[in-house]
Amino acid sequence: MWWKPRPIRGLATQFPGSGPESPDEWIRCAEADSRFREVHARFAGAGVMNWLTEREKALHFGIAAFSSGSGIVVELGTFEGGAAMFLAAGVARRGQGRLVSVDPHFGGPPWLGMATHQRTSAKFLAHAEACGVREWIDVRIGDSSAVAAVWPAEPIDVVFIDGDHSYLGALRDFECWAPKVRPGGWILIDDADDTALPELLELIEEVKTISGVAYVGLVDGVAVFRRGETPPQRLLADVSALTQRRGSIRPWDMSPIHEMTLPASYRKSCSQSHEPGEADAYQLAFLVKSQPGMYGYTPAAGERANRLIRAVAIDRGDGPAIEIDPRTPQPCKVIFCAVDEVATCSSWLTPGGLMLTLNPANPTHESSIGIRRTMLDAGLEGCGWVGAFHWGVRRPFLLSAEAVIEYTKTAYCPPKEIPQRA
Ligand SMILES: C[S@@+](CC[C@H](N)C(=O)[O-])C[C@H]1O[C@@H](n2cnc3c(N)ncnc32)[C@H](O)[C@@H]1O
């Protein structure tokens, strides 16, 4: 066993009131259910490496089977499928919905004692067959935040967070997924009783103070939260305020870039028009960490691309703007191209370089998700979009807010212009 839960004394294990929507009730219903007993027996014979207590098994089955909603359940961090078998069996018992099970399956972080070469996907799938739940599982092999980035506008009933157990890892999972949970839905965080994971416990204590979720209690190691009516933006603002109070920078949060005072050389030469997102696209291109290379645009990207890229190149003054000729491609730190050129052009980006593209149609959520997919398929980190503007960054991911602040501090701004994070 690579980690041994150490229970914390004094935390609630019983829930006040046992309506149909309470962990005690789900557990009671699960224990009385023949499908639960069946999956329990199959699980015991399947040899799944796991750390589940009996109450946790019943909780997972019960919440997936008997809580309200349409059975859209997401698990972040699957490993060999311990909790997944019970969550999926619960969805099967409900007869609708699915378990979306997310894990890169290359092993957990070394500090959890898991070898990074460990590939658990084959075992997971074999266990799902053995437990008779395979058809109820939508397997996503990938990082939880990458899967969140392409999640359709489908409300989630239950999310179970059990992936990266570091403070920032669990926070990122909460921030990516909690807003997607429907009001009245559930957020479970595992290992909430494990004193060997102090950062995770600290995060759970902080989540208890957020207005968009209510802490319900603890079922052995699983902290149960219920999503309130608070809109997603408010929930995200609370998370942001929380981390600012703590003095943490979330490397995936781009908002410090927008708050940043730009240096004197920032002239925004292209700003005759103010299309939504143009300033953001310009600013990101301006702040890309300098690499050998140029600022490129393709003819198909159009006049706006030409104008924006030329303006950035003038203002940065550290490389020429060029029209990219696909027959003689040159390395570029920023490329603005058409959507159908993203795959080809991404190979010409220097590490840390920025890809920009415009959504040609009237942007909809679906078309924006489609472009995000194109960016991810091209090996880019899909950082975001505003209006019709989309951007992605070539790994290694140098354009984190942290890197941008550091870079701007040393390369451009006098110290007084750098916003201080509380
Ligand atoms: C504690 S195990 C999960 C245990 C599992 N839920 C169970 O019930 O047996 C943690 C898992 O999280 C996965 N993981 C780590 N970082 C992740 C990330 N960023 N996204 C998704 N999964 C991640 C690891 O690969 C590992 O399999």
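1. Strand S1 (residues 72-76) runs parallel to strand S2 (residues 98-102), and the two are joined over 5 bridges. Strands count as paired if DSSP finds at least two bridges between them. Within this pair, Ile72 stands opposite Arg98 in S2. Strands are DSSP runs of E with at least two residues, helices are runs of H or I with at least four, and both are numbered from the N terminus.

2. A word on what you are looking at: this is a predicted model, in which local features need pLDDT of at least 70 and side-chain atom pairs count only at pLDDT 80 or more, while totals for chains, interfaces and linings use all residues. Residues are numbered from 1 along each chain as its sequence is written.

3. Now for the whole sheet. It is open, has 7 strands with mixed pairing, and follows the order S3-S2-S1-S4-S5-S7-S6. Its edge strands, each pairing on one side only, are S3 (137-140) and S6 (213-219). On average, neighbouring strands are turned by 20° against each other, direction ignored. Helix H4 (residues 82-94) packs on this sheet, where it touches S1, S2, S3 and strand S4 (156-161), and its direction makes about 160° with that of S2. Contact here requires C-beta atoms, placed from the backbone, to lie within 7 Å. Axes are lines fitted to C-alpha atoms, for helices over the stretch in contact, and angles run from 0 to 180 degrees between N-to-C directions.

4. Helix H7 (residues 167-177) is worth following next. It lies across S1, S4 and strand S5 (181-189), running at about 175° to S4. H7 also packs with helix H8 (residues 198-207) at an angle of about 35°, with axes 8 Å apart. From H7, Tyr167, Ala170, Leu171 and Phe174 make this contact; H8 supplies Glu199, Leu200, Glu202, Leu203 and Val207. By class, the contact has 7 nonpolar, no polar and 2 charged residues. Ala, Val, Leu, Ile, Met, Phe, Trp, Tyr, Cys and Pro count as nonpolar, Asp, Glu, Lys and Arg as charged, and the others, Gly among them, as polar.

5. Helices H11 (residues 278-287) and H12 (residues 303-316) pack at about 45°, with their axes 10 Å apart. That angle makes H11 oblique to H12, a label for angles outside the ranges under 35, 65 to 115 and over 145 degrees.

6. Finally, the ligand: which residues come nearest? Of the 19 around it, they are Gly77, Gly82, Ala83, Ser144 and Gly163. Being near means a C-beta atom, placed from the backbone, within 6 Å. The shell divides into 5 nonpolar, 9 polar and 5 charged residues.

Key: Contact = placed C-beta atoms within 7 Å.
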